[in-house]
Amino acid sequence: MKKDYYELLGVQKGANADEIKKAYRQKAMQHHPDKNPGDKTAEEKFKEVSEAYEVLSDDQKRAAYDRYGHDGVKFGPGGFDFGRDFSHGADLSDLLGQIFGSMFGGGGGHGQRRGHNPNGAQNGADLRYGLEIDLEDALFGAQKEITIPIERDCAKCGGTGAAEGTKRETCKRCGGSGVVVSGGGFFQMQQNCPECRGQGSVVKTPCRECGGSGRRKEKNTILLRVPKGADTGMRVRVAGKGMGGTRGGAPGDLYVEFSIRENKLFERTGDDLLCHAPVPPDTAALGGEVNVPTPDGYTKLKVQPGTRNGAMFRLRGKGSPMANGRGAGDLIVEVVLETPAALNPRQKKALEEFRAAFEERSYPLGGAFKSDADKFFARKAAVK
């Protein structure tokens, strides 16, 4: 039995969109396959929370789920069609046909319907792909090459599955409808024909290339543009790059969902960035300036005399660019006092004397901080 979507994300039923997005971001990072290599349990959890977020982040799907539970958001053929109103003189037997068809694998709901041609073209399914990226990619934009395993119509037989010079033959059991009906009277059950598996036709002489399936597995390589401001949970649609259609049907779409790796320099919360900046104790005590990295380069942060460890400074508009292109978030700078190393007696005599005798090697944390920042901007230069 499927788990409750709200329980999977750890939110209340009345949670707003931001709460749902934040909860999903945390769960996705926790269970992402790249962080749990070989862990099938974590992989399954990641799939579950992704499915939960896909439903709860969509107002229409969420409303259907809140009202009907998991049955209200079934995807693909066989799902219930709750968009129709059966309460005012509509055909009740049609509704029962939907329900029984869904239960027994038939063509109720959005699948097989009256007048449906199982031998005709069918559009391909949409695909979802999870892509983990660096924070630099999200801040500056990037191009990523991804490879997607898909299925397409066999080029040899055109997707029919029949050998050259032959064709598919109408299924004798279902008469080409692709479905069989059992029972009688009011309560009838419709299910896929077991002879042709719902296709309405059979192959007598199969194509050698595809073995009669009409499909070939391929790997599709796509050059994807990561937009500036991309964040964990954000999805982009790549039209026509999903699963190939059958018998000439249009291909589905590809939905790529991003997750952001941890970064040494910044922590990200929405469009805001948090940076832990080491500050010498003399600067914190007497006041001064420190260089602080931002996505646009270094900026001077003025430290007031008497600044304490853990003090927070907000730099407006110095955070992550917004995905909609309408500005940027803020940069939050947290002061981390660094105790200098390798002090000499003259440096211990007085704070002023120590400040005058300051040597860069006395602040190894500040040196590492600058090194990480330089690497960060080197990545930015490489992107351009």
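I started with the ring criterion: rings of Phe, Tyr and Trp (its six-membered ring) pair if their centres lie within 6.5 Å, with planes under 30 degrees apart counted as stacked, over 60 as edge-to-face and the rest as tilted. This is a predicted model, where local features need pLDDT of at least 70 and side-chain atom pairs count only at pLDDT 80 or more, while totals for chains, interfaces and linings use all residues. Residues are numbered from 1 along each chain as its sequence is written, and side-chain values use heavy atoms, with hydrogens and water left out.

**Aromatic pairs**

I looked up the ring pairs and got 7 for the structure. I opened the one between Y5 and Y65: the centres are 4.6 Å apart and the planes stand at 35°, so I logged the pair as tilted. Y5 sits in helix α1 (residues 5-9) and Y65 in helix α4, so this pair ties together parts that are 60 residues apart in sequence. My helix and strand names are DSSP runs numbered from the N terminus, helices being H or I of at least four residues and strands E of at least two.

**Helix packing**

Next I checked α2 against α3. Axes here are lines fitted to C-alpha atoms, for helices over the stretch in contact, and angles run from 0 to 180 degrees between N-to-C directions. The axes of α2 (residues 17-31) and α3 come within 9 Å and cross at roughly 165°. That makes α2 roughly antiparallel to α3; the bins are under 35 degrees for roughly parallel, over 145 for roughly antiparallel, 65 to 115 for roughly perpendicular and oblique for the rest.

I then listed the residues in contact (heavy atoms within 4.5 Å). From α2 I have I20, K21, Y24, K27, A28 and H31, and from α3 A42, E43, K45, F46, V49, S50, Y53 and L56. By class that contact has 8 nonpolar, 2 polar and 4 charged residues. For the classes, Ala, Val, Leu, Ile, Met, Phe, Trp, Tyr, Cys and Pro are nonpolar, Asp, Glu, Lys and Arg are charged, and the others, Gly among them, are polar.

I moved on to α3 and α4 (residues 59-68), which pack at about 105° with their axes 6 Å apart. That makes α3 roughly perpendicular to α4. Here E54, V55 and L56 of α3 meet K61, R62 and Y65 of α4. The class count for this contact is 3 nonpolar, no polar and 3 charged residues.

**The three-stranded sheet**

For strands, I took two as paired if DSSP finds at least two bridges between them. One open sheet has 3 strands in the order β1-β9-β8, with mixed pairing. β1 (127-133) and β8 (235-238) are at the edges with a single partner strand each, so one side of each is left without a neighbour in the sheet. Neighbouring strands are turned by 25° against each other on average, direction ignored.

I zoomed in on β8 and β9 (residues 254-260): they run antiparallel and are joined by 4 bridges. One partnership I noted there is V238 with L254 in β9. Helix α3 (residues 40-56) turned up again, lying across β1, β8 and β9 and running at about 110° to β1.

**The four-stranded sheet**

My other open sheet has 4 strands in the order β10-β11-β15-β14, again with mixed pairing. The edge strands are β10 (267-269) and β14 (312-315), each pairing on one side only. The average turn between neighbouring strands is 30°, direction ignored.

Inside this sheet, β11 (residues 272-279) and β15 (residues 331-337) run parallel, joined by 7 bridges. I noted H276 with E334 as its bridge partner in β15, and P278 with V336. β14 pairs with β15 in the antiparallel sense over 4 bridges, and F313 stands opposite V333 in β15.

**A hairpin**

Last entry: β12 (residues 288-294) and β13 (residues 297-303) pair in the antiparallel sense over 7 bridges. They form a hairpin with 2 residues between them. I picked out E289, whose bridge partner in β13 is K302.
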